[in-house]
Amino acid sequence: MSLLTDLKELLLPRTCPVCGKLLMAGEDVLCAFCAIGLPRYRIMDINDNPLLRMVWDKADVRQATTFLSYNHHSPYHNLIIGIKFHGKSDLAAKLGKWAALEAERQGFWEGVDALVPVPLTRWRRWKRGYNQAEMLARGMSEVTGLPVVNLIRRTKNRKPQSRLKGEARRKNAEGIYQASVPDEWRGKHLVIVDDVMTTGATLGSCALALHCADETATICIFPLTYAG
Ligand SMILES: [Zn+2]
């Protein structure tokens with residue numbers, strides 16, 4: 001450990017984003033207790049699972065996987081709060097890395113050409129300083145070596161999806177996303193990356209937007225967490 005790291009830790013002690021305890025030497029991002037207890041969502045089949053069934057009526061999505069179960073009553077919800085609202089872009093990249101390693105064991109990365117983050121509005125991106133979905137994708141890229149390409153954009157400033165439920169959420173997501181696929185990215189196998197999947201409205205709309213821009217694309221989805 002360098003002197004600079006020592007000084008940084010002395011002045012700004014690192015805490016576990018889940019339980020808030022001080023991190024001990026050797027603990028990386030999460031304390032050992034919280035790291036062991038990560039609520040993994042175990043995908044048995046990347047070709048047939050609840051995530052895919054959530055989007056099948058919205059768009060042609062080939063495969064789906066996820067890393068963690070999402071439950072906003074669980075202390076692990078602090079991970080999502082951290083990457084979305086507390087500027088923890090490093091945490092997002094780290095979670096993306098862990099998620100990618102898990103997906104590697106499922107054979108999810110075979111034939112994939114690129115990672116495509118779900119976009120934020122320009123205003124939200126500016127306010128937050130980063131797009132958490134892009135940071136997750138960058139962490140995944142560290143494991144897979146795949147490029148991160150921003151092919152989708154968010155066109156309208158509508159209500160954040162997290163404040164809406166059911167049908168309202170689906171309607172709100174429709175038409176928000178547009179994609180443009182340059183020639184070099186046509187006919188590719190693309191994985192859309194997001195932080196949370198609940199109804200599948202956002203990922204379904206993004207997949208539809210990509211298919212409208214390039215009907216020859218093979219599209220898969222990878223939310224970090226799934227509320228199912
Ligand atoms: Zn902890």
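Helices, as I use the word here, are DSSP runs of H or I with at least four residues, numbered from the N terminus. I kept in mind throughout that this is a predicted model.

**Entry 1, the end of α7.** I looked up what comes directly after helix α7 and found Gly-145, whose phi is positive, near 75 degrees.

**Entry 2, the length of α7.** I then checked the helix itself, residues 132-144, and found its end C-alpha atoms 18 Å apart, which agrees with the 18 Å that 13 residues should span at 1.5 Å a residue.

**Entry 3, the surroundings of α7.** I noted that ten of the 13 residues of α7 are buried, so this helix is largely enclosed by the rest of the structure. The buried residues include the run from Gln-132 to Met-140, and Thr-144 is also among them. When I asked what covers these buried residues, I found that the cover includes the helices α4 (77-85) and α5 (89-105), together with the strands β3 (114-117), β6 (189-197) and β7 (218-226).

**Entry 4, helix α9.** I turned to residues 201-213, where α9 has 13 residues and reaches 18 Å from its first C-alpha to its last, close to the 18 Å expected. Ten of its 13 residues are buried, so α9 is largely enclosed by the rest of the structure; I listed Ala-201, Gly-204, Cys-206 and Leu-210 among the buried ones.

**Entry 5, the whole protein.** I counted nine helices and seven strands in the protein, and I recorded that buried residues make up 43% of its 228 residues. Of the contacts between residues at least 6 apart in sequence, I found that 75% join residues at least 24 apart.

Note on methods
Residues numbered from 1 in each chain as written. Predicted model: local features only at pLDDT ≥ 70, side-chain atom pairs only at ≥ 80, totals over all residues. Buried ≥ 20, exposed ≤ 12 C-beta atoms within 10 Å, placed from the backbone. Contact = placed C-beta atoms within 7 Å. Expected span 1.5 Å × (residues − 1).
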